[in-house]
Amino acid sequence: MALPIFILRLAVCILAFPVYLLNFLGVWNWICKIWLPYFLARFSVMYNKEMASQKRELFSNLQEFVGPSGKLSLLELGCGTGANFKFYPPGCRVTCIDPNPNFEKFLIKSIAENQHLQFERFVVGVGEDMHQVADGSMDVVVCTLVLCSVENQVRTLQEVCRVLRPGGAFYFMEHVAAERSTWNYFWQQVLDPVWYLLFDGCNLTRESWKALETASFSKLKLQRLQAPLSWEIVRPHIYGYAVK
């Protein structure tokens, strides 16, 4: 299968040559940082519609992790446009972190639409280094469709554990690699290099469950599903939560 994958990858890369040229010239990253928030603003509406029941199930027990303050302190890693806000409980104190500062204006709109939340601040930063967030200061950390694009999953999960208080929880919902014997996995491998470039570092073939299973959580509840999405290559998902 290696030769067909190589040939098809080459064909796809040739078709995507203008993007590769812009990337070589150092322009594509700038374009992507501006374009991606607008794309995600539209994509998130569709994704939330298709995944609403799974998200409600995922976040149904957030209140169980309220800390001594009596209010849930929640950090959303890779917050994007704030698509998860409507699933958080009233009074939740939300801090957002994302490497792309262009998301901030979309967050302001989401905050205005979700006044049941107490918004704390927006931080420009990456998952591998969240030094702006104090040790043990969060009851919950959330990331959805984020572990696919961080540079180092192990380091990111170490940072998650650092900012969580003892007994706090990490919630996740991620698209992942399909089973290796399937055609879906074949096409994920073919499209992965161009997909990575087009969608700002997103990987189609990551087996993110492995990083979660080896992280230093005391408890991991992980489920798999085939998400009801129109793009089959991103249908394989995992979701659940882990307790520090």
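Which helix supplies the largest share of the lining of the second largest pocket? That share, 5 residues, belongs to H3. The legends below start from there, and bear in mind throughout that this is a predicted model.

**View 1. The second largest pocket, with helices H3 and H4 in its lining.** Here we're looking into a pocket that holds about 360 Å³ of space. Its lining runs to 15 residues, and those nearest the centre are Ala41, Val45, Lys109, Ser110 and Glu113. Helix H3 (28-58) and helix H4 (104-113) each put at least two residues into the lining, with H3 giving the largest share.

**View 2. The cavity lined by Phe85, Val94, Ile111, Asn114, Leu117 and Phe119.** Moving from pockets to enclosed space, there's 1 cavity of 30 Å³ or more in the structure. Its volume comes out at about 30 Å³. Two phenylalanines, Phe85 and Phe119, are part of the lining, along with Val94, Ile111, Leu117 and the asparagine Asn114.

**View 3. The stretch that UniProt marks as a transmembrane region, residues 6-32.** The label comes from an unreviewed UniProt entry. In the model, this stretch of chain is 85% helix and 0% strand. From the C-alpha atom at one end to the C-alpha atom at the other, the separation is 26 Å.

**View 4. Cysteines without a disulfide partner.** The count of disulfides in the structure is 0. Take cysteine 32: the nearest cysteine sulfur belongs to cysteine 202 and sits 11 Å away. Cysteine 79 has the sulfur of cysteine 96 as its nearest, at 4.2 Å, and it isn't in a disulfide either, because a pair of sulfurs would have to be within 2.5 Å to count. Cysteine 32 is buried, at 1% relative accessibility. Cysteine 79 is buried too, at 4%.

**View 5. Helix H5 (residues 153-163) and what it packs against.** On the buried list for H5 are Gln153, Thr156, Leu157, Glu159, Val160, Cys161 and Val163. Those residues pack against three strands, S1 (73-77), S4 (138-144) and S5 (164-175), and against helix H7 (208-214). Look also at the start of H5, where a side-chain oxygen of asparagine 152 comes to within 3.1 Å of the backbone nitrogen of valine 154.

**View 6. Tryptophan 209 in helix H7.** Is this tryptophan buried or exposed? With a relative accessibility of 12%, tryptophan 209 counts as buried. Leaving out residues up to four places away in sequence, tryptophan 209 touches Val176, Ala177, Leu222, Arg224 and Ile238. Glutamate 174 is worth picking out as well: 35 residues separate it from tryptophan 209 in sequence, while the C-alpha to C-alpha distance is 9.2 Å.

**View 7. Asparagine 184 in helix H6 (residues 183-198).** Asparagine 184 has a relative accessible area of 12%, so this polar-named stop on the tour is buried. Which residues is asparagine 184 in contact with, once its neighbours within four places in sequence are left aside? They are Ala178, Glu232, Ile233 and Pro236.

Note on methods. Residues numbered from 1 in each chain as written. Predicted model: local features only at pLDDT ≥ 70, side-chain atom pairs only at ≥ 80, totals over all residues. Heavy atoms only, no water. UniProt positions renumbered as here; feature names shortened; annotations may be inferred. Helix = DSSP H or I, 4+ residues; strand = E, 2+ residues; numbered from the N terminus. Buried < 20%, exposed > 50% of the residue type's maximum accessible area, 1.4 Å probe, protein only. Contact = heavy atoms within 4.5 Å. Polar contact = N/O pair within 3.5 Å; in protein donor to acceptor, adjacent residues only side chain to side chain. 1 Å grid on protein atoms, 1.4 Å probe; cavity = no way out; pocket = protein on both sides within 12 Å on 5 of 7 lines; lining within 4 Å. Points joined across faces, edges and corners; volume = space filled by probe spheres on them.
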